[in-house]
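Hi everyone, thanks for making time for this. I'd like to walk you through a structure that may be new to most of you, so please have a look at it on the screen first.

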Amino acid sequence: MKKLSLLFLTVMLGMGVFAQTTYSWRSEATNGNWNDANNWWTNTTALPTGGEILSFGNNNQLTMTNNLAATNRHQIIFTNSASQSRTISGTTENTFYDSGSKKPKIENNSSANQTIDFPLKWGSIAMELKPVSGDLTITKAINNNGLWTDVLGGNGKTLSIASMSGTGGLTIKNNNNNQTTVKITGTSSYTGNTYVDYGTLELQADVSSAEIIVKSGAKLVINGTDVDVQKLTINTGGTVEVLPG
């Protein structure tokens, strides 16, 4: 049994069940390239090798390039010390995986809008997108890979998504009764259901979601010249608003 337990522990460690390493962006970074070990700090200067938490807690190098060789991620966090808007560009799709009980997520705890300008893919379980204290903008395609996307934002904050594909769905969840807005600005081909439990979903282009369900107290806004949806259910107390034009 001792040998079996040791083997089990080794396997679990290899699977990344335990706490992931956090790599923090350095205030001394001399450029915006992610693929520069001198720009990161963990317990020493080191380059992220994939699957870690990447933390941004300063306003140094607000224009960045995600050119890391490893393209798997666990979390990207903007802390409340990052008070200015940052744009992170790249062309390679990054895939987000869980770490035991901790879900993969992108979370903005700063007061400024933060922009992710590289394609994203969900890798293992539901992904969380969290514009908590500031807006979050994703300008490249999202592949939900058949997995769910959960939005848990702050009151009056906005998540903007360029487009989403895959068979997974989307839920704007209750986060302490905060009214968060999700804007889908481009044509999206994801086919899972869309649940507007709280806040607002704003559609500026076609969405192929199997069904959009607007719960009581929530709102769907149509803000485009030609917007198609497959099926729409409005619960008692839900609202649909079609803007002029």
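**A walk along the strands**

Let's start with one pair of residues: isoleucine 213 has threonine 233 in β22 as its bridge partner. That contact belongs to a set of three bridges between strand β20, residues 212-214, and β22, and these two strands run parallel. Before I go on, please keep in mind that this is a predicted model.

Where does β22 sit in its sheet, and where does β2 sit? The sheet is open and has eleven strands, in the order β2-β1-β3-β6-β9-β12-β14-β16-β18-β20-β22, with mixed pairing. β2, residues 40-41, and β22 are at the edges; each has a single partner strand, so one side of each has no neighbour in the sheet. As a general reminder, strands of a sheet pair through backbone hydrogen bonds, either parallel or antiparallel.

There is also pairing among β19, β21 and β23. Strand β19, residues 200-203, is joined to β21, residues 219-222, by four bridges, and the two run parallel. β21 in turn has four bridges to β23, residues 239-242, again running parallel. You can follow this through one residue, isoleucine 222 in β21: leucine 203 stands opposite it, and in β23 its bridge partner is valine 242.

Valine 242 comes up again on the surface. Together with Val229, Leu232, Ile234 and Val240, Val242 makes a nonpolar surface patch of about 380 Å². β22, residues 232-234, and β23 are the elements that give two or more residues to this patch. One of the patch residues, isoleucine 234, is found in strand β22. Isoleucine 234 has a relative accessible area of 45%, so it counts as partly exposed.

**Rings inside**

Now let's turn to the aromatic residues. How many aromatic pairs are there? The count comes to nine. Take tryptophan 25 and phenylalanine 56: their ring centres are 6.2 Å apart and their planes are at 40°, so this pair is tilted. Tryptophan 25 is in strand β1, residues 22-25, and phenylalanine 56 is in strand β3, so the pair ties together parts that are 31 residues apart in sequence.

Phenylalanine 56 has another ring partner, tryptophan 34. Here the centres are 5.7 Å apart and the planes are at 25°, so this pair is stacked. Tryptophan 34 lies in the loop between β1 and β2, while phenylalanine 56 is in strand β3, so the pair ties together parts 22 residues apart in sequence.

Are these rings buried or exposed? Tryptophan 25 is buried at 4% relative accessibility, phenylalanine 56 is buried at 0%, and tryptophan 34 is buried at 0% too. Ring pairs link Trp25, Trp34, Trp40, Phe56, Phe78 and Phe118 into a cluster.

**Charges that meet**

Next come the salt bridges, and the count is eight. In general, side chains of opposite charge can pair when their charged atoms come close.

Let me show you aspartate 150, in strand β14, residues 149-151. Aspartate 150 is buried, with a relative accessible area of 4%. Which residues form salt bridges with aspartate 150? One is lysine 103, with the closest N and O atoms 3.8 Å apart. Lysine 103 lies in the loop between β8 and β9, so this pair ties together parts 47 residues apart in sequence. Another is lysine 173, where the closest N and O atoms are 3.5 Å apart. Lysine 173 is in the loop between β16 and β17, 23 residues from aspartate 150. Through shared partners, salt bridges join Lys103, Asp150 and Lys173 into one network. Both lysines are partly exposed: lysine 103 at 30% relative accessibility and lysine 173 at 32%.

Glutamate 107 and lysine 130 also meet in a salt bridge, at 3.3 Å from N to O. Glutamate 107 is in strand β9 and lysine 130 in strand β12, residues 127-131, so the pair ties together parts 23 residues apart in sequence. Glutamate 107 is buried at 10% relative accessibility, and lysine 130 is buried at 16%.

**Two loop residues to look up**

Finally, a quick look at backbone angles. Most residues other than glycine have a negative phi. Glutamine 61 has a positive phi of about 60°, and this residue lies in the loop between β3 and β4. Asparagine 177 also has a positive phi, near 65°, and is found in the loop between β16 and β17. Glutamine 61 is partly exposed at 24% relative accessible area, whereas asparagine 177 is exposed at 51%.

Thanks for listening!

Note on methods: Residues are numbered from 1 along each chain as its sequence is written. This is a predicted model: local features need pLDDT of at least 70, side-chain atom pairs count only at pLDDT 80 or more; totals for chains, interfaces and linings use all residues. Side-chain values use heavy atoms; hydrogens and water are left out. Two strands pair if DSSP finds at least two bridges between them. Buried means under 20% relative accessible area, exposed over 50%, partly exposed in between (1.4 Å probe, protein chains only). Patches are made of residues with over 30% relative accessible area and no salt bridge: like charges are joined within 9 Å, nonpolar side chains (Val, Leu, Ile, Met, Phe, Trp, Tyr) within 5 Å. Accessible areas come from the Shrake-Rupley method with a 1.4 Å probe; for residues, only the protein chains shown count as cover. A salt bridge is a side-chain nitrogen of Lys or Arg within 4 Å of a carboxyl oxygen of Asp or Glu. Rings of Phe, Tyr and Trp (its six-membered ring) pair if their centres lie within 6.5 Å; planes under 30 degrees apart count as stacked, over 60 as edge-to-face and the rest as tilted.
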